[in-house]
Every structure is written in C-alpha cells, then in structure tokens.
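Open the structure in your viewer and keep the selection panel at hand. The tour goes from one residue to an interface and then to the nonpolar interior.

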Amino acid sequence: MDFDWMKIPYAFLTVFIVVNYGFLMGALIQKIGARAGRRHGIPIWQYYLDVIKNYGLRTSITHGVMFYLGPVFRLSGGVGLLLFMPVIYGSYMFSNFSFAGDLILALYFVFFGTLGMALGAGESGHPHAAIGVTRGLQQVSMAELPFAMAVFSVALQYQTLSITEIVAAQQGGMMNWTLFTNPIAVAAAMLAFLGSMMRPPFDVFIAPQEIPIGPPTEYHSSYLALMQTNRAIFPVAKIVIYMNLFFGGAGSWPELFVKVFFLYLFSAFVGVCFPRFRVEQSIRFFLVWAVPLGVLSIMVV
Amino acid sequence: MTTKPELMKRMVKGPDGLEFEVDPLRDYYCEAPPTVMPGAYIQIVEDFFNWARSKSLWILGFGTGCGAIEMRPLMTPRFDAYRFGVAWRPTPRQANLFIISGYLSTKTLKRAIRAYEQMQNPKYVIGLGSCTINGGMYWDSYNTIKKLDEYLPVDLYIAGCMPRPEALLAGFEEMKKIIRTGKAEGANQYAENFAWYKANQKRVIHDWDMPDYNW
C-alpha cells in the first residue's frame with residue numbers, strides 16, 4: 001500500500017482548524033449558557049488565555065508515570081478520533097486517514113481518553129479523583145451502550161463499516177439523512193450523546209459543586225493545559241462522528257461549523273433546562289430510555 | 001515541637017501480613033523546600049505570559065472568614081466576575097489567586113498555608129478586609145492572626161469591613177495591573193524568605209503536624 005505523505009500536513013491543518021474552532025465554540029456555548037442565567041459570561045477568547053496561562057506556569061509536580069500519560073492519552077484519544085475519520089466528505093485534503101473499517105476504530109477512540117484519564121487520575125492518589133473517575137467511567141460506559149447499538153444499527157442499514165460510505169449513502173437531500181431514514185437509532189444515539197458531553201444533567205462526576213471537579217483534581221499547569229486543549233478537540237471530533245453517521249456529513253468547512261455548532265447547542269440547551277442527575281439516576285435513565293431504543297433500532301433494521 | 005503520634009515513624013503490618021516501617025513525613029510528603037523559579041529567559045515571552053496570567057485569574061474557592069460571603073455575589077448576574085476572566089476553581093492545584101477573605105484564625109491559617117503551598121508558581125494572594133491588614137475588629141483576639149503579610153506574601157489588600165463586591169472587582173483590576181508589570185512575584189518572595197515565613201508561622205501554630213513545605 002502506498003502512503004501519500006502529503007496527508008500528514010493536511011492532517012495537521014485539520015487539527016489546527018479544529019482546535020481553534022473548538023476553543024471559540026466552547027466559549028460561545030459557555031456564553032449562551034451564561035445568558036440563560038442572565039449573565040454575560042466569559043469573553044469569547046477566554047479559553048486561549050487560560051491555556052496560555054497554564055502552559056506558562058513555572059512549576060508542575062508529578063505523581064508518577066501514569067500521571068504524565070493521563071492527559072497524553074486523553075489528547076491522543078481526541079486527535080486520533082479526529083484523524084481517522086473523514087472530516088469533510090469528498091475532500092482529498094480533509095479525509096485524513098480514514099479507511100474501510102474506521103467506524104470500529106472511532107467507537108474505540110471515543111472511549112480511549114476516558115480510560116487514560118482513569119489511569120492518570122488513579123495515580124494522582126487523590127480520593128476525589130478516584131471517586132470522580134469511577135463515577136465518570138460508570139456513566140460513560142452506560143452512555144456508550146446505546147451509542148454502540150445505534151452505530152450497529154446504522155452499519156446494518158448501510159451494510160458497511162466505513163464512515164465515508166455511510167456519508168456517501170446519505171447524500172442527495174436532507175431526506176436521505178439517517179435522521180429520517182432511521183430515526184430510532186438517531187434518538188438512541190442522541191441520548192447517549194447527552195451522556196458523554198460532560199454537561200448537565202450528566203456531569204455529576206466533573207462538576208465543581210460536587211466532589212471538587214473529580215478526575216482532574218490534581219492536574220495543573222501543562223497537564224491541565226493539555227486536557228483543556230483536548231476539551232476543545234474531543235467534543236468537535238465526537239460531534240463530527242455524529243454528523244457523519246446521522247446528519248449527512250459535511251461537504252465544506254462552513255457546513256461542518258454550522259452542523260457541529262447546532263449539535264453542541266442541543267446538549268447545551270438540555271443542560272441549562274434540566275438539573276443534574278446523580279450517577280445511579282443517569283444510569284437508570286440510560287437503561288430505561290436509551291438502551292431499549294437502541295435494541296429497537298437494531299430490530300427494525 | 002512535638003510530632004503527632006500518627007506522624008511518628010512506626011512499624012505497620014500490611015494486609016498480606018508483611019511488616020514494614022513507615023515514616024509518614026518522609027514517605028507521604030516531599031520535604032524539599034521551594035526554590036526561586038525564574039521567569040522565561042526572553043523578556044517579551046515573560047511579558048506575554050504575564051499578560052495571559054492577568055487575563056485569567058483562577059481563584060481558589062476557599063473562604064476563611066466572613067469576607068467569603070462577599071465573593072459569592074461575584075458569580076451572580078448582578079456582578080458577573082466571569083466577564084473579567086475571573087473564575088473559581090475548587091482545587092488549589094489549578095488556582096493561581098488565593099483570596100484570604102476576612103479574619104484568619106490560627107487553626108485556619110494552617111489550612112491556608114497548606115492550600116497556598118499546593119498552588120503552582122506564580123501565585124498571588126489578596127487580603128480581603130481590614131482583618132488581614134491589622135486584625136480589624138479582632139485586633140485583640142487571642143486566636144486570630146493580625147498581619148497576614150507575616151505569614152504569606154500578600155500582593156494586594158482590599159480594605160474595608162466588609163468591602164463590597166464592587167471593591168473586589170476594582171481589586172481584581174488592580175491585581176491585573178500588578179501582574180502585567182511583572183511585580184507579582186509572591187511565590188518567589190516566599191521561597192527567598194522561606195525561613196522567615198516558616199518561623200512566623202510556627203510561632204502561632206503550636207501543633208505543627210505537616211512537613212515544612214506541602215508540595
């Protein structure tokens with residue numbers, strides 16, 4: 001198999017665009033959330049400043065090797081997810097390293113960062129971190145189940161495991177989107193989406209008001225800055241998967257920006273409307289509402 | 001100074017029946033004293049970092065006295081300090097601004113010192129209210145410290161009893177100016193005069209049960 005070296009700088013370009021978009025969109029969503037509370041909220045460039053400040057701190061202490069690797073795993077989870085799928089449909093520049101079975105890899109990468117975080121937070125030795133990451137893993141694994149079912153349903157529907165082919169099958173008008181051809185799977189997946197976006201009502205494991213911010217309790221300086229960078233990349237990468245699977249993909253960057261923004265806004269809207277679930281409540285929620293939908297979507301297909 | 005029994009060196013029997021020696025202060029903590037951390041080698045980079053630091057003040061959410069109640073309204077729609085790049089962090093590891101809000105009893109001083117030392121360089125301290133300047137209305141109390149400056153390096157005082165949230169917002173703006181001029185080097189000052197600060201702290205804290213520096 002011959003490898004096209006030109007893809008590497010293109011991949012860097014993708015990551016660069018997504019990081020900047022992620023920072024700005026994250027702050028914008030934060031501002032929208034603040035408006036719901038009648039505040040003005042953070043300046044739109046606040047995340048850049050936070051990251052620069054954290055990279056610029058002069059000291060950082062370590063708790064061991066896994067403590068180093070936690071944020072690295074997390075970042076590689078986000079970047080890996082982004083790089084192994086077609087970000088822009090039909091574009092040679094931004095199809096990145098997608099291949100025939102990339103759907104399976106994407107499913108794995110969605111979970112990869114959380115696992116890395118679990119190891120890192122465990123090594124930090126702080127009880128809040130250990131409790132937080134345990135809760136986080138429980139909830140994310142539970143949210144992953146309906147998503148996985150929805151993905152299988154979509155794979156069955158289009159008879160392929162390649163994201164590019166799934167996007168290709170949805171072209172030619174809005175009515176071809178999975179949203180309309182397989183609405184049950186999309187419903188299950190969107191419930192799972194809420195569970196993994198780290199926003200209310202499903203953010204009890206990372207909320208500052210609960211056990212102080214959970215897994216990243218001990219993380220600071222550049223470790224935290226790496227994780228913040230990932231907080232910009234990972235949601236966008238995850239939403240790009242959703243967009244590709246269920247909402248017809250994107251043919252250009254502006255289309256991608258708009259679709260990703262509205263999908264992100266969906267979780268923000270739910271977040272400002274509903275109070276926080278405890279972990280056992282959210283697990284029950286997924287078991288009662290999302291998993292049956294996932295099973296049903298597979299049966300219908 | 002006496003060490004508390006749980007911090008003494010002792011033999012411990014593990015769950016697998018193996019006996020081993022534990023020296024808590026050495027095994028669980030790092031006792032190395034802090035060192036002066038120079039800024040970036042190139043001045044313009046340091047200025048850039050200082051600019052970013054001034055725009056992103058993360059406050060440790062730790063209220064020591066009655067002044068803490070003046071910090072809460074800053075999160076509400078009426079004052080909304082987030083507009084100015086001020087945010088609250090629940091853990092000292094991520095915070096870089098420590099507000100000593102009001103009087104500080106000697107018992108709380110110990111916790112304040114631990115929290116301050118766990119913050120990462122550069123870190124800033126604001127003394128809120130008259131109590132941190134000269135004891136305020138607690139000037140003759142046996143149980144509160146009078147001059148915060150003797151125990152932690154303070155960058156800025158906000159006088160009043162109590163200062164209104166507006167005064168705090170003005171104080172943040174003043175703090176940003178100090179940071180931008182590169183004069184907010186409290187952490188390095190603490191490291192330079194470490195012995196003096198420790199002597200002052202140990203003079204009022206009688207049951208000292210922690211290492212000299214909490215990493």
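## Starting at helix H2

Select Ile52(A) in this predicted model; Ile52(A) sits in helix H2 of chain A, which covers residues 46-56. Is Ile52(A) buried, or exposed at least in part? Ile52(A) is partly exposed, because 17 other C-beta atoms lie within 10 Å, and a residue counts as buried only from 20 or more.

Next, add Ser222(A) to the selection. Its C-alpha atom is 9.3 Å from that of Ile52(A), although 170 residues separate the two along the chain.

## The side facing chain B

Now show both chains. The contact involves 28 residues of chain A and 19 residues of chain B. On the chain A side, H2 and helix H9 (221-246) each contribute at least two residues. H2(A) gives the largest share of that side, with six residues. Colour the chain A side by residue type: twelve of its residues are nonpolar, ten are polar and six are charged.

## The nonpolar cores

Turn to the interior. The largest nonpolar core holds 116 residues, and Ala188(A), Ala189(A) and Tyr242(A) have the most contacts inside it. H9(A) supplies the largest share of this core, 17 residues.

Centre the view on Tyr242(A). Which residues does Tyr242(A) contact, leaving aside neighbours within four places in sequence? They are Ala189(A), Phe193(A), Phe247(A) and Leu263(A).

Last, select Met117(A), Ala118(A), Ala121(A) and Ala129(A). These residues belong to a second, separate core of five residues.

Note on methods:
Residues are numbered from 1 along each chain as its sequence is written. Chains are lettered from A and ligands numbered from 1 in the order in which they are written. This is a predicted model: local features need pLDDT of at least 70, side-chain atom pairs count only at pLDDT 80 or more; totals for chains, interfaces and linings use all residues. Helices (H or I, at least four residues) and strands (E, at least two) are DSSP runs, numbered from the N terminus. A residue is buried if 20 or more other C-beta atoms lie within 10 Å of its own, exposed if 12 or fewer, and partly exposed in between; C-beta atoms are placed from the backbone. Two residues are in contact if their C-beta atoms, placed from the backbone, lie within 7 Å. Ala, Val, Leu, Ile, Met, Phe, Trp, Tyr, Cys and Pro count as nonpolar, Asp, Glu, Lys and Arg as charged, and the others, Gly among them, as polar. A nonpolar core is a set of buried Ala, Val, Leu, Ile, Met, Phe, Trp, Tyr and Cys residues joined through C-beta atoms within 7 Å.
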